[in-house]
Amino acid sequence: MAEANNKAEYLVGVDLGGTKILAGVFTNSLKCIGRSKMSTKTERGAAAVVERVAHCVQDAVDECDLDIKQVRGVGIGAPGSVDPENGKVMFAGNLGWKDVSLKKELEKQLELPVFLQNDCNICTLGVHEVELEGKPRNMIGIFLGTGIGGGLIIEGKLYSGYTRTAGEVGHMVLEVNGPKCTCGNRGCWEALASRSALFRQVQEAVKDGQKTVLTEMLGSDLKDLRSGDLRKAIKQGDKFVEHIVEEAAKYTGIAVANLINVLNPEVVVLGVGLMDALEDEMMPVVVESAREHAFPGSDKGIKILPSKLADDAGITGGAVLARRETK
């Protein structure tokens with residue numbers, strides 16, 4: 001339990017997603033001392049979601065027996081295209097948002113400084129600062145969930161690019177005539193190896209008559225399919241599911257090789273959802289594929305690692321951002 005005092009020495013990190021909001025309270029040394037989670041309920045509209053974010057932050061602070069005045073800043077990661085300087089979410093498809101002034105509205109409700117970044121940039125900050133202790137000068141964070149996103153640390157700093165969209169690694173085209181992606185292109189990495197892509201492949205194959213233990217586990221419609229179910233199927237000897245996961249891992253390795261060829265980082269870290277559930281099944285294949293496809297010699301000494309922060313990457317990165325901006 002945190003000591004009660006009025007000094008604003010705590011930080012809050014928030015991970016805002018299409019299905020859930022997670023808030024964590026951190027000390028200045030980036031130790032998480034409490035958290036709160038609630039559903040996003042995007043169907044209620046942007047104003048209601050912002051209000052829920054504020055409630056989630058307050059609940060996390062209350063959980064630690066703190067007063068909101070003891071928090072000196074909030075860092076939040078939001079999906080999609082964001083404008084950190086003006087504190088706006090320009091477009092977030094899975095939230096149904098366009099031009100939402102998230103920073104301004106949250107500051108009004110919390111009466112605290114709020115700092116905004118893209119969710120994958122935030123996760124990269126968390127991994128870099130806490131998991132890797134800020135050591136790599138150049139690092140790539142890759143996050144495989146419903147989609148695939150990334151973040152870039154170049155010369156020790158988060159790199160967002162000219163139009164602030166750097167790190168959209170999931171939309172590298174790996175197969176020109178491949179499946180259509182949500183972005184409108186075909187054959188994006190995200191359309192080939194994200195959780196959504198794997199689920200789509202499984203469901204389409206089952207409709208075509210493919211046999212799998214997943215239907216025994218979940219029923220023929222597979223509507224409650226989760227990443228962990230893929231792991232369970234593989235452990236039960238389901239060669240069909242094993243093949244689909246292996247192909248996704250190979251594509252991921254090819255994408256990692258492309259990034260190594262272009263950016264030559266010290267470390268590549270892969271994390272969240274899909275990687276958390278299928279690390280043992282995917283990582284060896286990812287590493288082998290990446291080494292195979294990287295330009296000869298370009299990957300020498302480069303580490304390709306799974307993240308251990310799991311779902312805490314976003315809130316940790318939010319706290320890192322808040323600490324940096326309130327020094």
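Leu158 counts as partly exposed, because its relative accessibility is 23% and the buried class stops under 20%. You'll find Leu158 in strand S11, which covers residues 157–159. Keep in mind that we are looking at a predicted model here.

Who does Leu158 touch, leaving out residues up to four places away in sequence? The answer is Gln117, Asn121, Leu125, Leu152 and Ile153. Ser29 is another matter: Leu158 and Ser29 sit 129 residues apart in sequence, and their C-alpha atoms are 20 Å apart in space.

**Around Leu158**

Let's follow one of those contacts. Gln117 belongs to strand S8, which runs over residues 114–118. Is Gln117 buried or exposed? Its relative accessibility is 10%, so Gln117 counts as buried. Setting aside residues up to four places away in sequence, Gln117 touches Ile76, Gly77, Ala78, Val82, Pro84, Ile122, Leu158 and Leu321. So you meet Leu158 again in that list.

Now step along the chain to Ser160. This residue is in the loop between S11 and helix H4, and H4 spans residues 189–193. Ser160 has a relative accessible area of 23%, so it is partly exposed. Apart from neighbours within four places in sequence, Ser160 is in contact with Thr165 and Ala166. How far is Ser160 from Gln117, C-alpha to C-alpha? The two are 43 residues apart along the chain, and the separation is 9.7 Å.

On the other side of S11, Glu155 sits in the loop between strand S10 (148–154) and S11. Glu155 has a phi near 50°, which is a positive value in a residue other than glycine. Its relative accessibility of 47% makes Glu155 partly exposed.

**Over to the helices**

Val272 also has a positive phi, about 60°, although it is not a glycine. Look for Val272 in the loop between strand S12 (267–271) and H9. With a relative accessible area of 18%, Val272 is buried; that sits under the 20% cut-off.

Inside helix H9 you come to Met282. Its relative accessible area is 0%, so Met282 is buried. Which residues is Met282 in contact with, apart from neighbours within four places in sequence? They are Val245, Ala248, Ala249, Thr252, Leu274 and Met275. Take Val245 from that list: it is 37 residues from Met282 in sequence, with 7.1 Å between the two C-alpha atoms.

H9 turns up again when you look at helix H7, residues 227–235. The buried residues of H7 are Ser227, Gly228, Asp229, Leu230, Ala233 and Ile234. What covers them? The cover includes helix H5 (195–207), helix H6 (213–218), helix H8 (239–263) and helix H9 (273–293). Just after H7, Gly237 takes a positive phi of about 85°.

Here is a quick recap of how covered the residues we visited are:

| Residue | Relative accessible area | Class |
|---|---|---|
| Gln117 | 10% | buried |
| Glu155 | 47% | partly exposed |
| Leu158 | 23% | partly exposed |
| Ser160 | 23% | partly exposed |
| Val272 | 18% | buried |
| Met282 | 0% | buried |

**Zooming out**

How many helices and strands does the protein have? There are ten helices and 13 strands. The radius of gyration is 20 Å, close to the 20 Å that the globule rule gives for 327 residues, so the protein is as compact as a globular protein of that length. Along the principal axes, the C-alpha atoms fill a box of roughly 60 × 50 × 35 Å.

Of the 327 residues, 51% are buried. If you take contacts between residues at least 6 apart in sequence, 61% of them join residues at least 24 apart. The protein exposes about 15300 Å², and carbon and sulfur atoms supply 47% of that. As for charge, there are 39 positive and 45 negative side chains, with the centres of the two sets 2 Å apart.

**How far to trust it**

The average pLDDT is 93, and 98% of the residues score at least 70. Where does pLDDT stay under 50? That happens over residues 1–5, for which the model has ten contacts beyond four places in sequence. Where pLDDT is low, the predicted coordinates should not be read in detail.

How values were computed: Residues numbered from 1 in each chain as written. Predicted model: local features only at pLDDT ≥ 70, side-chain atom pairs only at ≥ 80, totals over all residues. Heavy atoms only, no water. pLDDT = per-residue confidence, 0-100. Contact = heavy atoms within 4.5 Å. Helix = DSSP H or I, 4+ residues; strand = E, 2+ residues; numbered from the N terminus. Rg over C-alpha atoms; globule rule 2.2 N^0.38 Å. Buried < 20%, exposed > 50% of the residue type's maximum accessible area, 1.4 Å probe, protein only. Areas by Shrake-Rupley, 256 points an atom, 1.4 Å probe, with all protein chains shown as cover. Lys, Arg positive; Asp, Glu negative; His and termini not counted. Charge placed at Lys NZ, Arg CZ, Asp CG, Glu CD.
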